[in-house]
Amino acid sequence: IRLPVFSSAHAHFICKMAAVQGGLVDAVEEKTIKSEPVADATANNSANDARAPSSSPGSGVSPGVNKPAAGAAEDQQTLLAVLQFLRKNNLSESVEILRREAGLPEDSLDQKGGDSTGTGLGGPEADGRTDAGSLLSRVTVSSSAPSKAVAEDQPDVNVVLSAYSQQGDPALYEVYYSGLKKFIETVLDCHRAELSQVFYPLFVHMYLELVYNNHENKAKAFFEKFSGDQECYYQDDLRVLCSLTKKEHMRGNETLLDFRTSKFVLRISRDSYQLLKRHLQERQNNQIWNIIQEHLYIDIFDGMPRSKGQIDAMSGSLAGEAKREANKAKVYYGLLKEPEIELPLDDEDEEAENEEGKPKKKKPKKDNMGSKSKKQDPNAPSQTRIPLPELKDSDKLDKIMNMKEATKRIRLGPDNLPSICFYSFLNAYQGLTAVDLTDDSSLIAGGFADSTVRVWSVTPKKLRKVKSAADLNMIDKESDDVLERIMDEKTASESKILYGHSGPVYGISFSPDRNYLLSSSEDGTIRLWSLQTFTCLVGYKGHNYPVWDTQFSPHGYYFVSGGHDRVARLWATDHYQPLRMFSGHLADITCTRFHPNSNYVVTGSSDRTIRLWDVLNGNCVRIFTGHKGPIHALAFSPNGKFLASGATDGRVLLWDIGHGLMVGELKGHTDTIYSLRFSRDSEILASGSMDNTVRLWDATKAFDLETDDFTAATGHIHLQDNSQELLLGSYMTKSTPVIHLHFTRRNLLLAAGGYNP
């Protein structure tokens, strides 16, 4: 329905009032009204409607931009229905403002509700317009059939504002869909794969229209006839869809909300699109054309049509593929310049290497740390792009230790695979749900379904608490070993249990300085724990539902969280409110990760997309599609150039962040991939899965490909099926799903999981 005569602010207000005053429209319908006009319900009601499609979309933009103009009578229907609704709820001031904006005479609504002979708009004789009573009586009639009308002074606003109002004869839905299917099956092979992409979104919206307009049997028959034709990777969505058999089921359904509020994106070549458009115009198939205009975004490109393999590689997400424009923004994926810290020499190093120790140490440092050298990476953001915490003395000491470890790091490759040490959590009947290790591999923590967080020391050094305040007063604060003296030896133990959450713990993350631990839970909170006192310092309350994951920034201070409310949040440890909210996913955010330079955050979701967000301004700068199931694992390469993702479809997909392209696919796992990790020098990628295996892949070879300008512009990718060549090793546990992987500073691979007896 078009609302051309009053402002969007009024439309928003009216929709809100409709929702509050009797629940006539829900939030989804409100969004539909605000966003764009919907095709008229009554103008297209005839089964033999012989009009040509109303508009022809421009190139490269959504066909939905050009809408058919509704007639003046339909405009007045809408306007008068809304005016009556406002008046019924005693909103006289709003009635007056809207009437003035619409240019209606003062007596336009003076007649009584049941009086169809009132003067209304001055009568048909006055200015050629229909009187208000007859207009309102037409609005109140249900759109599906001339059933019992509502009282004339209570127009059914739900009918006026609905997104899926009746647009055609329900008996012809199967005919329309079958006709399009036959046409697509007869076109040339090069176009068939591209045009077949429209089957799924059309099927969904036609089914929902039938359900919305109470054609339950027709909807069921339509679903049974055509659901088997849809791609296998939409089966989960179809299972949800088939449970929506009545109009009442649609209200508040999350999957339906996604379909109605976001346009399904299809990427089609210009030649294929022209074929489809010509067919629909010749057949005068307004039903399908209207759905394409309303609910689809067709991203048209020039050039050869894509093959079935190329389309399948990028398909599968809840909202189709990403628009090409979504991946064009500049991303500063380079690493920040490392602070200059002098590397002291140990006695043993001097004896073994004499005066050549220093250069020998520094050379591997530059090689192994990638871009972490004194030269500024041209692709790196500026040091001050986002405020980062200053290095403390303890941080500098830790960096020195890291550099020393780097000199002893094993260079991995196809001929030199890492050793793997596996930590099995035995008797974890309380349900192990998350694991994390500190960067120096000294501590390991587990989150459990019984709401506890447990921390273990991996080294012989035991965990100790800080002494009580009274004992601390007796310490000589000037002594050299004051940090050692403040620890209470009586509390030393191999593990500590942290109590505080009131639901299963789903995500945990150590701070880089090992002083803090984050945990996120089903109870909707994130807790910050001190590893000095083993107590909870802060409970961050911003999410309304379970928080599935959280992670510290590589530079500390910041952390990110994501959960069931579909919004990722950026926090700082000293703020109880989030600094940024990243909104755009259509389903739960299942995993979150920081880019190595801390300027970007990546989120994986149950909507089967991956999004990269800019921490500085909150913008989404990359959308990656291709997974066929919810995403559960993400990992950046240490050099910041690449991203690996794993999902319930058992595939690892590799992405080039700079170009915004998928560059590889690793197949071999038979169950959900739960953890991914690159070795410290980006040579090896390790994947851990619920199929009880750890697999090692040749990352160098996987990312060794040239990206030409044409590929970057069109998104045409041709993935080589070379998983077996890239697989370097597969290691199976007895009965332990692998839920965490970690490379030590010397490139030893640590893995962890809970044993399933």
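I'll start with a charge on a ring: the charged end of Lys628 sits over the ring of Tyr233, 5.1 Å from its centre. The criterion for sitting over a ring is NZ of Lys or CZ of Arg within 6 Å of the ring centre and within 35 degrees of the ring normal. Lys323 is placed over the ring of Tyr297 in that sense, its charged end 4.2 Å from the ring centre.

Some housekeeping. This is a predicted model, in which local features need pLDDT of at least 70 and side-chain atom pairs count only at pLDDT 80 or more, while totals for chains, interfaces and linings use all residues. Residues are numbered from 1 along each chain as its sequence is written, and side-chain values use heavy atoms, with hydrogens and water left out.

Now the overall counts. The protein has 25 helices and 31 strands; these are DSSP runs, H or I of at least four residues for helices and E of at least two for strands, numbered from the N terminus. Of its 757 residues, 53% are buried. Buried means under 20% relative accessible area, exposed means over 50%, and partly exposed is in between, with a 1.4 Å probe and protein chains only. Taking contacts with a separation of 6 or more, 62% are between residues 24 or more positions apart, where contact means heavy atoms within 4.5 Å.

Next, the aromatics. There are 24 aromatic pairs in the structure. Rings of Phe, Tyr and Trp (its six-membered ring) pair if their centres lie within 6.5 Å; planes under 30 degrees apart are stacked, over 60 edge-to-face, and the rest tilted. Tyr177 and Phe203 make one edge-to-face pair, at 6.4 Å centre to centre with 65° between the planes. Tyr177 is in helix 8 (residues 173-186) and Phe203 is in helix 10 (residues 199-212), so this pair ties together parts 26 residues apart in sequence. Both residues, Tyr177 and Phe203, are buried. Ring pairs also join them into a cluster with Phe199, Tyr207, Phe222, Phe223 and Phe226.

Staying with aromatic residues, Phe264 is in strand 1 (residues 264-269). Phe264 is buried, at a relative accessible area of 6%. Beyond its neighbours within four places in sequence, Phe264 contacts residues including Tyr200, Pro201, Tyr234, His295, Leu296 and Tyr297. From Phe264 to Leu296 there are 32 residues in sequence and 4.8 Å in space, C-alpha to C-alpha.

On to a sheet. Four strands form an open sheet in the order 22-23-24-25, with antiparallel pairing; two strands pair if DSSP finds at least two bridges between them. At the edges are strand 22 (631-636) and strand 25 (661-667), each with a single partner strand, so one side of each has no neighbour in the sheet. On average, neighbouring strands here are turned by 20° against each other, direction ignored. Those axes are lines fitted to C-alpha atoms, for helices over the stretch in contact, and angles run from 0 to 180 degrees between N-to-C directions. Strand 22 and strand 23 (residues 642-647) pair antiparallel over five bridges. Ala635 has Ala644, in strand 23, as its bridge partner.

Asp649 follows in the loop between strand 23 and strand 24 (651-656). Asp649 has 23% relative accessibility and counts as partly exposed. Leaving aside neighbours within four places in sequence, Asp649 is in contact with His627, Lys628 and Gly629. That list includes Lys628, the residue whose charged end sits over the ring of Tyr233. The side chains of Asp649 and His627 make a polar contact at 3.2 Å. A polar contact is a pair of N or O atoms within 3.5 Å; within protein, one must be able to donate a hydrogen and the other to accept it, and residues adjacent in sequence count only if both atoms are side-chain atoms. The C-alpha atoms of Asp649 and Ile631, 18 residues apart along the chain, are 8.6 Å from each other.

Last, a hairpin. Strand 26 (residues 673-678) and strand 27 run antiparallel and are joined by five bridges. Gly688, in strand 27, is the bridge partner of Ser675. The hairpin has five residues between the strands, and Ser682 takes a positive phi near 65° there.

What polar contacts does the side chain of Ser687 make? One is with the side chain of His669, at 2.7 Å, and another is with the side chain of Trp697, at 2.9 Å. Ser687 is located in strand 27 (residues 684-689) and counts as buried, at 0% relative accessibility. Not counting residues up to four places away in sequence, Ser687 also touches others, among them Val652, Leu676 and Leu741.
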